[in-house]
Amino acid sequence: RPARHLSGGEMQRVAIGRAIVRRPKLFLMDEPLSNLDAKLREELRVELRELARSLATPVLWVTHDQAEALSMADRIVVLSEGRVLQDATPEEVYARPASPQVARLLGTPPMNVIAARKQAGWWITADGTRVAEAAAGSPERATIGFRPEHVEFGGDSEGTVEVVENLGPSRILIVRWGGERIHVLARVDGAGPIRPRVDAAHVVVWS
(Lines give C-alpha, C1' and ligand atoms only; values in the text may rest on other atoms or scores of the structure.)
Protein backbone atom coordinates (compact mmCIF):
# COMPACT_ATOMS: atom_id res chain seq x y z
CA ARG A 1 0.00 0.00 0.00
CA PRO A 2 1.13 3.60 -0.47
CA ALA A 3 2.73 5.09 2.64
CA ARG A 4 -0.15 7.56 3.04
CA HIS A 5 -2.51 4.63 3.58
CA LEU A 6 -0.47 3.16 6.45
CA SER A 7 -1.09 3.81 10.11
CA GLY A 8 1.54 5.45 12.26
CA GLY A 9 2.59 2.13 13.76
CA GLU A 10 2.82 0.51 10.32
CA MET A 11 4.97 3.35 8.99
CA GLN A 12 7.32 3.00 11.94
CA ARG A 13 7.61 -0.74 11.31
CA VAL A 14 8.34 -0.15 7.62
CA ALA A 15 11.05 2.40 8.47
CA ILE A 16 12.66 0.01 10.95
CA GLY A 17 12.43 -2.85 8.43
CA ARG A 18 14.22 -0.76 5.80
CA ALA A 19 17.04 -0.16 8.29
CA ILE A 20 17.27 -3.84 9.26
CA VAL A 21 17.66 -5.22 5.73
CA ARG A 22 20.92 -3.29 5.35
CA ARG A 23 22.39 -5.35 8.21
CA PRO A 24 24.09 -2.39 9.93
CA LYS A 25 26.63 -2.77 12.74
CA LEU A 26 24.77 -0.21 14.84
CA PHE A 27 21.21 1.12 14.92
CA LEU A 28 20.72 4.83 15.65
CA MET A 29 17.13 5.55 16.67
CA ASP A 30 16.08 9.13 17.39
CA GLU A 31 12.75 9.05 19.25
CA PRO A 32 11.22 6.48 16.85
CA LEU A 33 8.04 6.08 18.93
CA SER A 34 7.36 9.72 19.83
CA ASN A 35 4.42 10.20 17.44
CA LEU A 36 2.53 7.06 18.43
CA ASP A 37 -0.25 6.65 20.98
CA ALA A 38 0.58 5.16 24.37
CA LYS A 39 -0.71 1.63 23.68
CA LEU A 40 1.15 1.36 20.38
CA ARG A 41 4.35 2.71 21.97
CA GLU A 42 4.14 -0.03 24.57
CA GLU A 43 3.67 -2.74 21.93
CA LEU A 44 6.53 -1.50 19.79
CA ARG A 45 8.86 -1.20 22.79
CA VAL A 46 8.45 -4.93 23.34
CA GLU A 47 8.87 -5.72 19.63
CA LEU A 48 12.01 -3.61 19.29
CA ARG A 49 13.57 -5.02 22.44
CA GLU A 50 13.06 -8.59 21.15
CA LEU A 51 14.29 -7.57 17.71
CA ALA A 52 17.51 -6.06 19.05
CA ARG A 53 18.23 -9.23 20.99
CA SER A 54 17.56 -11.53 18.04
CA LEU A 55 19.76 -9.45 15.71
CA ALA A 56 22.50 -9.10 18.35
CA THR A 57 23.08 -5.56 17.06
CA PRO A 58 23.71 -2.61 19.41
CA VAL A 59 21.05 0.11 19.45
CA LEU A 60 21.69 3.74 20.40
CA TRP A 61 18.28 5.10 21.39
CA VAL A 62 17.51 8.78 21.94
CA THR A 63 14.35 9.46 23.92
CA HIS A 64 12.69 11.89 26.30
CA ASP A 65 10.36 9.12 27.50
CA GLN A 66 11.60 7.76 30.82
CA ALA A 67 9.56 4.56 30.44
CA GLU A 68 11.38 3.79 27.19
CA ALA A 69 14.76 4.49 28.79
CA LEU A 70 14.14 2.35 31.86
CA SER A 71 12.45 -0.56 30.09
CA MET A 72 14.66 -0.87 27.01
CA ALA A 73 18.17 0.16 28.00
CA ASP A 74 21.06 -1.94 29.22
CA ARG A 75 22.76 1.36 30.03
CA ILE A 76 21.41 4.91 30.29
CA VAL A 77 23.32 8.12 29.58
CA VAL A 78 21.46 11.13 31.00
CA LEU A 79 22.22 14.29 29.01
CA SER A 80 21.39 17.93 29.70
CA GLU A 81 22.54 20.83 27.54
CA GLY A 82 25.31 18.70 26.04
CA ARG A 83 26.64 17.48 29.40
CA VAL A 84 26.60 13.90 30.66
CA LEU A 85 24.93 13.94 34.08
CA GLN A 86 25.12 10.19 34.69
CA ASP A 87 26.13 7.04 32.84
CA ALA A 88 24.95 3.85 34.53
CA THR A 89 22.54 0.93 34.40
CA PRO A 90 18.81 1.71 34.57
CA GLU A 91 18.67 0.22 38.06
CA GLU A 92 21.51 2.42 39.32
CA VAL A 93 20.17 5.61 37.73
CA TYR A 94 16.75 4.99 39.28
CA ALA A 95 17.96 3.95 42.74
CA ARG A 96 21.05 6.18 43.04
CA PRO A 97 20.73 9.23 40.77
CA ALA A 98 23.92 11.28 40.63
CA SER A 99 22.19 14.62 41.25
CA PRO A 100 18.78 16.10 42.10
CA GLN A 101 18.38 16.97 38.40
CA VAL A 102 18.77 13.32 37.38
CA ALA A 103 16.48 12.27 40.24
CA ARG A 104 13.62 14.39 38.92
CA LEU A 105 14.00 13.11 35.34
CA LEU A 106 13.29 9.44 36.05
CA GLY A 107 10.33 8.01 37.89
CA THR A 108 6.57 8.55 37.92
CA PRO A 109 5.73 10.15 40.25
CA PRO A 110 9.14 11.86 40.49
CA MET A 111 11.60 11.43 43.32
CA ASN A 112 11.05 13.62 46.36
CA VAL A 113 13.96 16.05 46.76
CA ILE A 114 14.16 18.19 49.91
CA ALA A 115 16.72 20.20 51.91
CA ALA A 116 17.54 18.65 55.29
CA ARG A 117 19.95 18.88 58.19
CA LYS A 118 21.22 16.21 60.54
CA GLN A 119 20.24 16.21 64.17
CA ALA A 120 20.58 13.43 66.73
CA GLY A 121 21.07 10.83 64.00
CA TRP A 122 18.07 11.93 61.93
CA TRP A 123 17.49 13.96 58.79
CA ILE A 124 15.09 16.74 59.71
CA THR A 125 13.37 19.51 57.75
CA ALA A 126 13.52 23.23 58.53
CA ASP A 127 10.59 22.96 60.96
CA GLY A 128 12.17 20.06 62.85
CA THR A 129 10.18 17.19 61.33
CA ARG A 130 12.13 13.92 61.33
CA VAL A 131 12.25 12.42 57.84
CA ALA A 132 14.61 9.43 58.04
CA GLU A 133 17.55 8.12 60.01
CA ALA A 134 20.88 9.55 58.86
CA ALA A 135 23.83 7.29 58.20
CA ALA A 136 27.01 7.78 60.17
CA GLY A 137 29.40 10.15 58.42
CA SER A 138 26.66 12.03 56.60
CA PRO A 139 27.17 15.80 56.18
CA GLU A 140 25.46 18.16 58.58
CA ARG A 141 23.38 19.71 55.81
CA ALA A 142 22.42 18.13 52.49
CA THR A 143 19.81 17.71 49.82
CA ILE A 144 18.21 14.31 50.22
CA GLY A 145 16.03 12.32 47.86
CA PHE A 146 13.66 9.40 48.27
CA ARG A 147 11.20 7.66 45.98
CA PRO A 148 7.45 7.82 46.72
CA GLU A 149 7.33 4.02 47.10
CA HIS A 150 9.85 4.22 49.96
CA VAL A 151 7.63 6.42 52.13
CA GLU A 152 6.09 4.35 54.90
CA PHE A 153 3.38 5.12 57.44
CA GLY A 154 4.08 5.03 61.15
CA GLY A 155 6.18 8.12 61.78
CA ASP A 156 5.83 10.54 64.68
CA SER A 157 4.43 13.56 62.79
CA GLU A 158 1.29 13.90 60.74
CA GLY A 159 1.06 15.07 57.15
CA THR A 160 -1.86 16.64 55.32
CA VAL A 161 -3.09 14.98 52.13
CA GLU A 162 -3.66 17.64 49.46
CA VAL A 163 -4.31 15.52 46.35
CA VAL A 164 -5.18 11.86 45.75
CA GLU A 165 -4.64 10.25 42.34
CA ASN A 166 -6.29 6.84 42.06
CA LEU A 167 -4.33 4.42 39.84
CA GLY A 168 -6.45 1.34 40.55
CA PRO A 169 -4.20 -1.00 42.56
CA SER A 170 -2.41 1.97 44.13
CA ARG A 171 -2.86 5.65 44.84
CA ILE A 172 -0.51 8.62 44.58
CA LEU A 173 -0.85 11.02 47.48
CA ILE A 174 0.55 14.54 47.45
CA VAL A 175 1.19 15.22 51.12
CA ARG A 176 2.18 18.42 52.92
CA TRP A 177 4.67 17.21 55.53
CA GLY A 178 7.37 19.06 57.43
CA GLY A 179 6.89 22.18 55.33
CA GLU A 180 7.44 20.21 52.11
CA ARG A 181 5.17 18.75 49.44
CA ILE A 182 6.05 15.12 48.84
CA HIS A 183 4.65 12.34 46.66
CA VAL A 184 3.64 9.12 48.41
CA LEU A 185 2.73 5.89 46.64
CA ALA A 186 0.06 4.09 48.68
CA ARG A 187 -0.58 0.52 47.53
CA VAL A 188 -3.39 -0.27 49.95
CA ASP A 189 -6.44 1.54 51.18
CA GLY A 190 -5.95 3.08 54.57
CA ALA A 191 -7.80 5.12 57.12
CA GLY A 192 -6.73 7.42 59.92
CA PRO A 193 -3.89 9.94 60.13
CA ILE A 194 -1.10 9.99 57.58
CA ARG A 195 2.21 9.76 59.44
CA PRO A 196 5.00 9.54 56.83
CA ARG A 197 8.37 7.98 57.53
CA VAL A 198 11.08 7.28 54.96
CA ASP A 199 12.97 3.99 54.71
CA ALA A 200 16.55 5.10 55.48
CA ALA A 201 18.04 2.39 53.25
CA HIS A 202 16.63 4.15 50.18
CA VAL A 203 17.59 7.75 50.98
CA VAL A 204 20.00 9.38 48.51
CA VAL A 205 22.20 12.19 49.87
CA TRP A 206 23.76 14.98 47.82
CA SER A 207 26.12 17.37 49.60
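**Close-up views of the predicted model**

**View A. At a relative accessibility of 62%, Arg23 counts as exposed.** The model shown here and in the following views is a predicted one. Arg23 belongs to the loop that runs between helix H1 (8-20) and strand E1 (27-30), and its backbone is notable for a positive phi of about 50°, although the residue is not a glycine. For comparison, most residues other than glycine have a negative phi.

**View B. Glu81 lies in the loop between strand E3 (76-80) and strand E4 (83-88).** This residue, which is not a glycine, also has a positive phi, with a value near 50°. Its relative accessible area is 79%, so Glu81 is classed as exposed, the cut-off for that class being over 50%.

**View C. The peptide bond from Thr108 to Pro109 is cis.** The omega angle of this bond is near -5°, whereas most peptide bonds are trans. Pro109 is placed in the loop between helix H5 (100-105) and strand E5, the latter spanning residues 112-119.

**View D. The largest nonpolar core of the protein is made up of 19 residues.** Within this core, the residues with the most contacts are Val131, Ile144, Phe146, Val175 and Val198. At least two core residues come from each of strand E5 (112-119), strand E7 (130-133), strand E8 (141-146), strand E11 (171-177) and strand E12 (180-186). Apart from this core lies another, of 11 residues, which includes Ile16, Met29, Leu40 and Trp61. In soluble globular proteins, nonpolar side chains tend to be buried together.

**View E. Val131 is shown with its contacts beyond four places in sequence.** Once neighbours within four places are left aside, the residues in contact with Val131 are Ile114, Trp122, Trp123, Thr125, Ile144, Phe146, Trp177, Arg197 and Val198. Among them, Ile144, Phe146 and Val198 are also listed with Val131 as having the most contacts inside the largest core.

**View F. Leu36 lies in the loop between strand E1 and helix H2 (38-55).** With a relative accessibility of 8%, Leu36 counts as buried, since the cut-off for that class is under 20%. Not counting residues up to four places away in sequence, Leu36 touches Gly8, Gly9, Gln12, Arg41 and Leu44. Leu36 and Ile144 are separated by 108 residues in sequence, and their C-alpha atoms are 36 Å apart in space.

**View G. Asp87 is found in strand E4 and counts as partly exposed.** Its relative accessibility is 42%, and, with neighbours within four places in sequence left aside, Asp87 is in contact with Arg75, Ile76 and Val77. Between Asp87 and Val46, which are 41 residues apart in sequence, the C-alpha to C-alpha distance is 23 Å.

**View H. The whole protein, with 5 helices and 14 strands, gives the setting for the close-ups.** The C-alpha atoms fill a box of roughly 65 × 40 × 30 Å along the principal axes, and the radius of gyration is 21 Å, where a compact globule of 207 residues would have one near 17 Å. Of the 207 residues, 38% count as buried, and the protein exposes about 12500 Å², of which carbon and sulfur atoms supply 51%. Among contacts between residues at least 6 apart in sequence, 53% join residues at least 24 apart. There are 27 positive and 27 negative side chains, and the centres of these two sets lie 4 Å apart.

How values were computed: Residues numbered from 1 in each chain as written. Predicted model: local features only at pLDDT ≥ 70, side-chain atom pairs only at ≥ 80, totals over all residues. Heavy atoms only, no water. Helix = DSSP H or I, 4+ residues; strand = E, 2+ residues; numbered from the N terminus. Rg over C-alpha atoms; globule rule 2.2 N^0.38 Å. Buried < 20%, exposed > 50% of the residue type's maximum accessible area, 1.4 Å probe, protein only. Contact = heavy atoms within 4.5 Å. Areas by Shrake-Rupley, 256 points an atom, 1.4 Å probe, with all protein chains shown as cover. Lys, Arg positive; Asp, Glu negative; His and termini not counted. Charge placed at Lys NZ, Arg CZ, Asp CG, Glu CD. Core = buried A, V, L, I, M, F, W, Y, C linked by side-chain atoms within 4.5 Å.
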